[in-house]
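Thank you all for making the time this morning. I would like to walk through one model slowly, so please keep the sequence and the picture open while I talk.

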Amino acid sequence: MNILIVGNWKMHLAPAEAVKLVKKLQERIPPNRDVGVVLCPPFIDLVPVQEVLERGHFKLGAQNCHVMDEGASTGEISASMLRGIADYVIIGHSERRHEFYEDDKLIAKKMAAAVRNGLKPILCVGETLDERHDGLSTKVVTAQVTAGLMMLTAEEVETVVIAYEPVWAIGSGASATPDQIKPMIAVIKATVHELYLGDEPVVPILYGAGVEPEFVSAILSVPYVSGLLVGGASLHYEKFAQIVIGAQDMQRASKLT
Ligand code: PGA
């Protein structure tokens, strides 16, 4: 499985700044790599960024979508509107779960909307610090994965990407340690395969939260981590380029062994 690096720009960069960042990234990161790169700018940046994307460089993702394909929903964007612009969509990010009270039921519907419209959903799961302290990490993450996939068929689940993002490490500049990440990735993998897929690890599982260039090789060495979801560092072209190039080195090394 090729490594996937996703940049989540969150609520940063107006269109002109977004275009500038993409142009810099295209100069710094070689095209046609083995490592897939998905940029997830704010909605208003998607089209301007798409217009300057060079072939073989990056794919685009949205940061959210509505559950319906169209309708009277002021201020919202549907998955059907994203067709032809984005290939991926982040669903259930902890900032949406906490700031916008998105619950598992709504997230399940958004997952279905994404898949129905041919987008690959990146389902974010992860425990808060309190949940971790209470020994609930496994329970919380298992429940989030189970609920997030609830409305999908086994075949549809194969289009999904899951990102483990411990809420306590998001925005901290310090990622969780490999020892903390390893059991949680194993839980996600076991949950998905128990529910849908038998033994084959076909659903990519990313790690996200506090990812910086210096952590890339340690995180990507954790069993079954097949990529990274990068927030803050994805806004700095040099850092993000280092992350992608670091991943490329890991990918090459894995092919040699
Ligand atoms: P961070 O954000 O890399 O800034 O911690 C990750 C995320 O929220 O997706």
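Methionine 81 counts as partly exposed, because its relative accessibility is 47%, and that value, like every other one I give today, is computed from a predicted model. The residue sits in helix α3, and if you look for proline 204, which is 123 residues away along the chain, you will find the two C-alpha atoms separated by 25 Å.

Phenylalanine 43 is another residue in this class, being partly exposed with a relative accessible area of 30%, and its place is in helix α2. Once residues up to four places away in sequence are set aside, phenylalanine 43 touches Ala62, Asn64, Ile77 and Leu82. Its C-alpha is 9.3 Å from that of glycine 61, with the two positions 18 residues apart in sequence numbering.

Following the chain from α2 towards β3, which covers residues 59-62, we pass through a loop that holds histidine 57. Is histidine 57 buried or exposed? With a relative accessible area of 6%, histidine 57 is buried, and its contacts, leaving aside neighbours within four places in sequence, are Gln26, Ile29, Pro30, Pro31 and Arg33.

Let me turn now to the ligand.

Which residues come nearest to the ligand, out of the 13 around it? They are Lys10, His93, Glu165, Gly171 and Gly210. Sorted by class, this shell is made up of five nonpolar, six polar and two charged residues. Three polar contacts are worth finding on the screen, and I will take them in order along the chain. In histidine 93, a side-chain N or O atom is 2.7 Å from an oxygen atom of the ligand; in glycine 171, a backbone N or O atom is 2.6 Å from a ligand oxygen; and in glycine 231, again a backbone N or O atom, the distance to an oxygen of the ligand is 2.8 Å. On its own the ligand has 280 Å² of accessible area, and the protein covers 95% of that.

Lysine 10, which I named among the nearest residues, belongs to the loop between β1, residues 4-8, and α1, residues 15-28. Its phi is near 50°, which is a positive value in a residue other than glycine.

Glycine 231 leads us on to serine 234, since the backbone oxygen of that glycine lies 2.7 Å from a polar atom of the serine side chain. Serine 234 is in the loop between β8, residues 227-230, and α11, and it is buried, with a relative accessible area of 0%. Apart from neighbours within four places in sequence, serine 234 is in contact with Gly7, Asn8, Trp9, Leu21 and Phe240.

That last contact, phenylalanine 240, lies in helix α11, which covers residues 237-256, and it is likewise buried, with a relative accessible area of 0%. Its contacts, with the neighbours within four places again left out, include Ile5, Val6, Gly7, Leu25, Ile29, Val37 and Leu39, as well as Val230, Ala233 and Ser234. By contrast, the C-alpha of threonine 142, which is 98 residues away along the chain, is separated from that of phenylalanine 240 by 30 Å.

Finally, I would like to look at two helices and what surrounds them.

Helix α5 takes in residues 104-116, and its 13 residues reach 18 Å from the first C-alpha to the last, close to the 18 Å expected at 1.5 Å a residue. In the loop between α4 and α5 we find tyrosine 101, which has a positive phi of about 55° although it is not a glycine; tyrosine 101 counts as exposed because its relative accessibility is 71%. Just after α5, glycine 118 takes a positive phi of about 75°. The buried residues of the helix are Ile107, Ala108, Lys110, Met111, Ala112, Ala113, Ala114 and Val115.

What covers these buried residues of α5? The cover includes α3, β4, α4, β5, α7 and α8, and with α3 we are back at the helix that holds methionine 81. Helix α7, for its part, has 12 residues and reaches 16 Å between its first and last C-alpha atoms, close to the 16 Å expected, while its buried residues are Ser137, Val140, Val141, Gln144, Val145, Ala147 and Gly148.

Methods
Residues are numbered from 1 along each chain as its sequence is written. This is a predicted model: local features need pLDDT of at least 70, side-chain atom pairs count only at pLDDT 80 or more; totals for chains, interfaces and linings use all residues. Side-chain values use heavy atoms; hydrogens and water are left out. A residue is near a molecule or strand if one of its heavy atoms lies within 4 Å of it. A polar contact is a pair of N or O atoms within 3.5 Å; within protein, one must be able to donate a hydrogen and the other to accept it, and residues adjacent in sequence count only if both atoms are side-chain atoms. Accessible areas come from the Shrake-Rupley method with a 1.4 Å probe; for residues, only the protein chains shown count as cover. Ala, Val, Leu, Ile, Met, Phe, Trp, Tyr, Cys and Pro count as nonpolar, Asp, Glu, Lys and Arg as charged, and the others, Gly among them, as polar. Helices (H or I, at least four residues) and strands (E, at least two) are DSSP runs, numbered from the N terminus. The expected span of a helix is 1.5 Å times one less than its number of residues. Buried means under 20% relative accessible area, exposed over 50%, partly exposed in between (1.4 Å probe, protein chains only). Contact means heavy atoms within 4.5 Å.
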